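Q: I'd like to learn how to read the features of a model like this one. Could you take me through them one at a time?

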Amino acid sequence: MRVSPISPTVDFSAEGVQHGFLRLPYSRDDSAWGSVMIPVTTVKNGEGPTALLTGGNHGDEYEGPIALFDLARTLKPEDVTGRVIIVPAMNYPAFLAGTRTSPIDRGNMNRSFPGAPDGTVTQKIADYFQRTLLPLADIVLDFHSGGKTLDFLPFCAAHILPDKKQEAKAFELVSAFGAPWSMKMLEIDAVGMYDTAAEEMGKVFVTTELGGGGTATARSAGIAKTGVANVLKAAGILKGAVEGAQTTWLDMPDGNCFSFAEDGGLIEPLFDLGDAVRNGDAVARIHPVGRTGAEPLDIKAKMDGILVARHFPGLVKSGDCVSVLATIVTE
Ligand SMILES: [Zn+2]
């Protein structure tokens, strides 16, 4: 396969702190020989594990970029054993545009793996992570939130995996992250995800959903900052004790946790995030808006659980994810 067109301006094998860019040539109308300049920081101190930390995989999710621009600015080599590679805004064009996908090619970074060195801009970034950055990593933390169209209870998450040792290590880091909620996460469609790429390489991969609605809050940004430090401490990369926060484990047992709209309209939430919902309860109601006098459509829960995610904007379209339920794990 051809080499990646991306050249880093930092040396990942060098000791100390380096702030630089992943420079991706992108020739266009306003810059004939221009580049996309993706900010990157590497902090290395001697032998030890490597953590790869990413935010902005989707451009309208802000807790990760807040925590990671902050960490990149403040992390000192003497604090670190091993190496920390920080990319606060992975899909940088999407991040600058404030959109989930890239304004250049509409590429959804988290559906673009393994990417392609001769593909679109988003595919080229994915390929660089696939073939250059992921192989350097022992642990990977990728921040997400709901973006403009979903809102989540704040949780850190990992997936159920065929390799139970790898799964146990990931769940340990999820516990260490210390979000109010911790999730055994099920994906609607795992093909092309960064998560899947990292897990198939045997990496210990954890992710988050820390809020949404296209903004961070003081609470969600704080959870992100404490969480990333806790993960680095649990991995032995940062000194100090994990700041013990109580977390409640949740499970998404099967596809019944998701509900989708079958009509568009005005959505009336009937439960809020964190509320307990019973199988058969109407989670939300969609009011038709074309005329007065038409009956609303109830979206029914297909299991008992608590509401962990909901559609965010006030208007909903057919096919939109309206709600996600999860069950509390009691052991
Ligand atoms: Zn996301």
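Q: Where does Arg106 lie?
A: This is a predicted model, so keep that in mind throughout. Arg106 lies in the loop between α2 and α3. Its phi is near 60°, which is a positive value in a residue other than glycine.

Q: Is Arg106 buried or exposed?
A: Arg106 is exposed, with a relative accessible area of 52%.

Q: Which residues does the cis peptide bond join?
A: Look at omega for this one. A cis peptide bond joins Phe113 and Pro114, with omega about 5°. Pro114 lies in the loop between α2 and α3, and Arg106 lies in the loop between α2 and α3 too.

Q: Now the metal. What are the protein donors of the zinc ion?
A: Start with the atoms that reach the ion. Here they are ND1 of His58, OE of Glu61 (listed twice) and ND1 of His144, lying 2.1 to 2.3 Å from the zinc ion. Along the chain, these donors follow the spacing H-x2-E-x82-H.

Q: What do His58 and His144 tie together?
A: His58 lies in the loop between β4 (50–54) and α1 (63–74), while His144 lies in the loop between β6 (139–142) and β7 (150–152), so the pair ties together parts that are 86 residues apart in sequence. Both His58 and His144 are buried.

Q: Why is the arrangement around the zinc ion irregular?
A: Go by the angles. For four donors to count as tetrahedral, all angles have to lie between 85 and 135 degrees. The 4 donor atoms here subtend angles of 58 to 151°, and that makes the arrangement irregular.

Q: On to charges. How many salt bridges does a search of the whole structure find?
A: The general idea is that side chains of opposite charge can pair when their charged atoms come close. In this model, a search of the whole structure finds 11 salt bridges.

Q: Which residue forms a salt bridge with Arg2?
A: That's Asp118, with the closest N and O atoms 3.8 Å apart. The pair links distant parts of the chain: Arg2 sits in the segment before β1 (7–8) and Asp118 in the loop between α2 (92–97) and α3 (121–136), 116 residues apart. Arg2 is exposed at 55% relative accessible area, and Asp118 counts as exposed at 52%.

Q: How many residues apart are Arg131 and Asp127 in helix α3?
A: Arg131 and Asp127 are 4 residues apart in helix α3, so about one helical turn separates them. They form a salt bridge whose closest N and O atoms are 2.7 Å apart. Arg131 is partly exposed, at 34% relative accessible area, whereas Asp127 counts as buried at 2%.

Q: And which residue forms a salt bridge with Glu167?
A: Lys164 does, and the closest N and O atoms are 2.7 Å apart. The two are 3 residues apart in helix α4 (residues 164–177), so they too are separated by about one helical turn. Glu167 is buried, with a relative accessible area of 11%, and Lys164 is partly exposed at 47%. Elsewhere, salt bridges that share partners join Asp70, Arg73 and Lys225 into one network.

Q: Let's turn to empty space. What volume does the largest pocket have?
A: Rolling a probe the size of a water molecule over the atoms shows where empty space is left. In this case the largest pocket has a volume of about 700 Å³. It is lined by 32 residues, and those closest to its centre are Arg100, Arg111, Leu150, Phe152 and Ile188. The elements giving two or more residues to this lining are β7, β10 (204–209), β12 (258–260), β17 (305–311) and β19 (321–328). β10 provides the largest share, 3 residues. By class, the lining has 13 nonpolar, 10 polar and 9 charged residues.

Q: How many cavities of 30 Å³ or more does a search of the whole structure find?
A: The search finds 1, and the largest cavity has a volume of about 80 Å³. Its lining includes Ile267, Phe271, Leu307 and Arg310. Two or more lining residues come from each of β13 (265–269), β15 (282–287), β17 and β19, with the largest share, 3 residues, from β17. Sorted by class, the lining of this cavity has 7 nonpolar, 2 polar and 1 charged residues.

Note on methods
Residues numbered from 1 in each chain as written. Predicted model: local features only at pLDDT ≥ 70, side-chain atom pairs only at ≥ 80, totals over all residues. Heavy atoms only, no water. Donors = N, O, S within 2.8 Å, 3.2 Å for Na, K, Ca; no water. Tetrahedral: all angles 85-135°; square planar, octahedral: opposite > 155°, others 65-115°. Buried < 20%, exposed > 50% of the residue type's maximum accessible area, 1.4 Å probe, protein only. 1 Å grid on protein atoms, 1.4 Å probe; cavity = no way out; pocket = protein on both sides within 12 Å on 5 of 7 lines; lining within 4 Å. Points joined across faces, edges and corners; volume = space filled by probe spheres on them. Nonpolar A, V, L, I, M, F, W, Y, C, P; charged D, E, K, R; others polar. Salt bridge = Lys/Arg side-chain N within 4 Å of Asp/Glu carboxyl O.
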